[in-house]
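Open the model in your viewer and set it to a plain cartoon. The stops below go from the whole chain to single residues.

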Amino acid sequence: MKIDVERLVLEFKNLLEIESPSKKEGKLAYYLASIFEALGYKCFFDKSAETTGSEVGNLIVKIPGSIPAEPIFFCAHLDTVGPYKNPKIIFENNVFRTDGRTILGADDKSGIAALVEVAKILKETSPPHPPLEYIFTTCEEIGLLGAKCLDTELIDAREGFVLDSEDPEEVINAAPSSYQFEIRILGKSAHAGIEPEKGINAIKIASEIISGLPCGRIDEETTFNIGTIRGGEYVNIVPDKCEVKGEMRSHNENKLQELKNLIEEKIESVIENHPKIENLPAAKVHFNKVFKAFFVPEDDPLCQLVKKAGENLGMRLNFKRIEGGSDANVFNEKGLKCLVLGTGMRKVHTTEEYIHLKDLILTTDLVLEIIKVKSEMAG
Ligand SMILES: [Zn+2]
């Protein structure tokens, strides 16, 4: 099972050149489907497009096993952030980057390229391997939408790997829960100079609520942020509306519940203690779960599998907790146990994004080795 480096480079460049912003992943998805179909693998789209609003559903590829073993899945997302228009890919000194006008899109096409190369190698060399499933998700960058709408009935595997992190020597086995919240405050407008006593200043009330809330790092596993505040139209009018948005993250769900309670209590006490005019002021908070925390302990067989594969390759893999979300949060919540692997992509979501060829090769090797160790375990 040997990587054809020239082929890998060429295919990676092809993938990078196909624009695939969120919701417009169609071209890339059909290109990938044509590759896998040409290799003789079954490909299909799920029905997630109806909900995500993308051109296509999540692309699922089934690679039949050559030995009886538990199936395993690998996932990478199809979409990229911007700026993405007319990318000019530069491959120099074994590093991929752009001319600086656009992102590179190694997030997450490095993961896709590794999986494509692996599929080609399996076809060529037909080594013993378990059944594999590839899940290429849409709309990851705009709230993990593709993963959230994935119909898990279509997936046979119950565990796998998401290729969507930076450092190839790090394996992400824990990520936090995240909630966003929106506080809407209703006051009463009045002329600020002529009759301010007839008004209720919604911005002032917002400030009282905010000042009663924590901000920044709460403890080693919890953060809290007020991100935006909007209200008021003219300087000479008492503003009747104000909207405050924020987010909070924690590896401990209970702490988020406490913070939610705190926000509600704070709003209630500020509103209660404010003099009323016709039942105003009023305020409401709305919470939206963005993703749920996951944790796969290091002694779990899935961690042991990747650890063994890394050792075989002479890699020093570290298990790591991150503070962001990925498709892995959604999959773990849906009962598809998974870890996140780094691919070597760097400075993602910037126009300075780059990746070293050696890391792309390492990622491909690690996927191949995981497959090999998995089949040895089955045998
Ligand atoms: Zn990504």
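Begin with everything selected: of the 379 residues of the chain, 42% count as buried. This is a predicted model. The C-alpha trace spans about 85 × 45 × 40 Å along its principal axes. Colouring by secondary structure should bring up 10 helices and 17 strands. Among contacts in the chain with a separation of 6 or more, 76% are between residues 24 or more positions apart.

**Domains**

Next, colour residues 5-175 + 293-378 as domain 1 and residues 177-291 as domain 2. Their centres, taken over C-alpha atoms, are separated by 40 Å. How many residues of each domain are in contact with the other? Nine residues of domain 1 are in contact with seven of domain 2. On the domain 1 side, the residues that touch domain 2 comprise four nonpolar, three polar and two charged.

**Nonpolar cores**

In soluble globular proteins, nonpolar side chains tend to be buried together. Select Phe 74, Leu 115, Phe 136, Leu 339 and Val 367 and show their side chains: these have the most contacts inside the largest nonpolar core, a set of 78 residues. Add helix H4, residues 106-125, which gives the most to this core, with 10 residues.

Now centre on Val 367. Leaving aside residues up to four places away in sequence, Val 367 touches Phe 74, Ala 114, Leu 115 and Val 118.

Then move to a second, separate core, which has 19 residues. To find this second core, select Phe 181, Ile 205, Cys 242 and Met 248, which are among its members.

**A sheet of three strands**

Strands of a sheet pair through backbone hydrogen bonds, either parallel or antiparallel. Select S4, S5 and S17: they make an open sheet in the order S4-S5-S17, with antiparallel pairing. Which strands are at the edges? They are S4 (89-92) and S17 (355-356), each of which pairs on one side only.

Zoom in on S4 and on S5 (residues 95-98), two antiparallel strands joined by four bridges. Within this pair, Phe 91 stands opposite Phe 96 in S5.

**A hairpin**

For the last stop, select strand S10 (residues 216-219) and strand S11 (residues 222-231), which run antiparallel and are joined by three bridges. S10 and S11 form a hairpin, with two residues between them. Label Arg 217 and look across to S11, where its bridge partner is Thr 223.

Methods. Residues are numbered from 1 along each chain as its sequence is written. This is a predicted model: local features need pLDDT of at least 70, side-chain atom pairs count only at pLDDT 80 or more; totals for chains, interfaces and linings use all residues. A nonpolar core is a set of buried Ala, Val, Leu, Ile, Met, Phe, Trp, Tyr and Cys residues joined through C-beta atoms within 7 Å. A residue is buried if 20 or more other C-beta atoms lie within 10 Å of its own, exposed if 12 or fewer, and partly exposed in between; C-beta atoms are placed from the backbone. Two residues are in contact if their C-beta atoms, placed from the backbone, lie within 7 Å. Domain bounds come from an automatic or database domain assignment. Ala, Val, Leu, Ile, Met, Phe, Trp, Tyr, Cys and Pro count as nonpolar, Asp, Glu, Lys and Arg as charged, and the others, Gly among them, as polar. Two strands pair if DSSP finds at least two bridges between them.
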